[in-house]
Structures are given as C-alpha cells and as structure tokens.
Amino acid sequence: GSRWAWYASAMAGPAWFASMRRLYVAGVGQSTIGLLPLALGALALASAFRARKLWPASDPRRTSALAWNSAVALGLIAVAIPLQLEKQWITIGWAVVGLAVAAIWQRLDHPGLKWFALLLLGAASARLVANPYLLEYHERGSWRIFNWILYTYWVPILALLSAARTLGPLELARLHGWELPLYRRPGDKPAQAIGTSF
C-alpha cells in the first residue's frame with residue numbers, strides 16, 4: 001500500500017540499467033542491446049497492470065503507481081530505440097514516445113507524465129534543430145521531396161502537433177498548485193491564473 005514502494009519498484013530498472021548494460025554487452029554482445037531496456041520496460045508495464053487491480057480508480061495511490069510505471073516503461077522504450085536502431089530513429093522514437101506519454105496523461109491526471117512528455121518532445125525538437133549531422137546520416141536520394149529527410153522531420157512535427165492537441169484542452173484545468181507560477185505572465189497578480197496554455 002505504500003506509494004514509495006511503488007516508486008522504488010518503478011525506478012529499479014532505470015537505477016540498475018547502466019550496470020546491467022555492461023553485463024549484457026560483456027555476456028551477449030552489442031548486437032541485441034535494445035532487448036535489455038525492452039525487458040526492463042516490460043517489467044514496469046507488468047507492475048502497472050498489477051497496480052490497476054489493487055485500488056479503485058479514484059485512489060491516488062493507483063494513479064501514482066500507474067503513472068510512474070507507465071512513464072518508466074515508455075522511457076525505457078525511448079532508450080531502446082537509439083541503442084538498437086539507426087541514428088534518425090532517436091529523434092523519431094523520442095517524439096513518438098513523447099506523444100504516447102501525453103496520451104497516457106490524458107487518461108491519468110499526474111503532472112509527472114505531462115512533464116516527461118514535454119521533456120521527450122523537447123529533446124526530439126532539439127535534435128531536429130541543433131544536430132548538424134542529422135542531414136548527413138544518409139546520402140541524398142534521387143527524389144527531391146519524398147525522402148528520408150521529409151520522414152525524419154515530419155514524423156516528429158506531427159507528433160508535436162498531436163501532443164499539443166492532446167495536452168491543450170485539459171492542461172489548465174489540471175494545473176497543480178506548484179505549476180501555476182510556470183503559467184503566469186509578467187504583471188499577473190499572484191492569484192491570477194492564465195487563460196492560455198504554453
């Protein structure tokens with residue numbers, strides 16, 4: 001029944017990941033390294049399903065356990081993608097997982113999910129804008145528009161737009177007290193809430 005036990009359970013995989021990765025590479029090799037975070041994510045997902053059955057939907061312990069375990073599972077999937085696949089998949093993977101976390105937040109009112117989604121989407125955006133090597137990962141194809149560059153940019157852009165549509169209608173209604181200063185504009189009174197989301 002302790003929330004902290006569920007937090008510890010959710011964070012066990014990420015906490016041990018670096019050590020387990022070294023053991024995995026030493027014992028099995030690098031070629032299937034993506035399986036390790038996927039396996040740890042599956043354990044977190046199993047914990048989330050277990051938490052669903054323990055408490056009624058209105059219990060805040062259920063919401064916390066589901067949010068933490070779901071976020072960890074999706075975060076580990078986000079780690080598996082760049083570990084295993086081609087470099088442009090880092091950007092695409094983070095953007096798609098960010099959208100998935102935002103969709104979970106739509107069902108579970110937990111602010112950590114929203115901020116984790118924004119972190120993943122922000123990381124994907126930073127890779128699109130600040131990574132000068134993104135355009136050099138593959139040779140340019142013979143098609144001028146419909147090529148891997150369009151794919152690499154448009155999938156994250158569509159994920160960002162979809163996440164904005166997912167977060168927008170509920171974001172202000174679900175603000176927690178500690179989040180309110182982040183949504184204030186200069187000149188607002190301390191008790192004045194903002195009518196628009198960022």
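Which residues does Val-101 touch, not counting residues up to four places away in sequence? In this predicted model, Val-101 touches Leu-74, Leu-113, Phe-116, Ala-117 and Leu-120 once residues up to four places away in sequence are set aside.

Val-101 also belongs to the largest nonpolar core, which has 18 residues and in which Val-97, Val-101, Ala-102, Leu-113 and Leu-120 touch the most other members. The elements that give two or more residues to this core are listed below with their residue ranges.

| Helix | Residue range |
|---|---|
| H3 | 60-84 |
| H4 | 88-107 |
| H5 | 111-130 |
| H6 | 148-171 |

Of this core, the largest share, six residues, comes from H3. A second core of 10 residues, separate from it, includes Phe-17, Ile-33, Leu-36 and Leu-40. In soluble globular proteins, nonpolar side chains tend to be buried together.

Helix H5 has 20 residues, and its reach of 28 Å from first C-alpha to last is close to the 28 Å expected at 1.5 Å a residue. The buried residues of H5 include the nonpolar-core members Leu-113 and Leu-120, while Lys-114 and Arg-127 are also among the buried residues of this helix.

Helix H3 also holds Ser-70, which counts as buried because its relative accessibility is 11%, under the 20% limit. The side chain of Ser-70 reaches the backbone oxygen of Leu-66 at 2.7 Å, and, leaving aside neighbours within four places in sequence, Ser-70 is in contact with Ala-48 and Ile-104.

Conventions. Residues numbered from 1 in each chain as written. Predicted model: local features only at pLDDT ≥ 70, side-chain atom pairs only at ≥ 80, totals over all residues. Heavy atoms only, no water. Core = buried A, V, L, I, M, F, W, Y, C linked by side-chain atoms within 4.5 Å. Buried < 20%, exposed > 50% of the residue type's maximum accessible area, 1.4 Å probe, protein only. Helix = DSSP H or I, 4+ residues; strand = E, 2+ residues; numbered from the N terminus. Contact = heavy atoms within 4.5 Å. Polar contact = N/O pair within 3.5 Å; in protein donor to acceptor, adjacent residues only side chain to side chain. Expected span 1.5 Å × (residues − 1).
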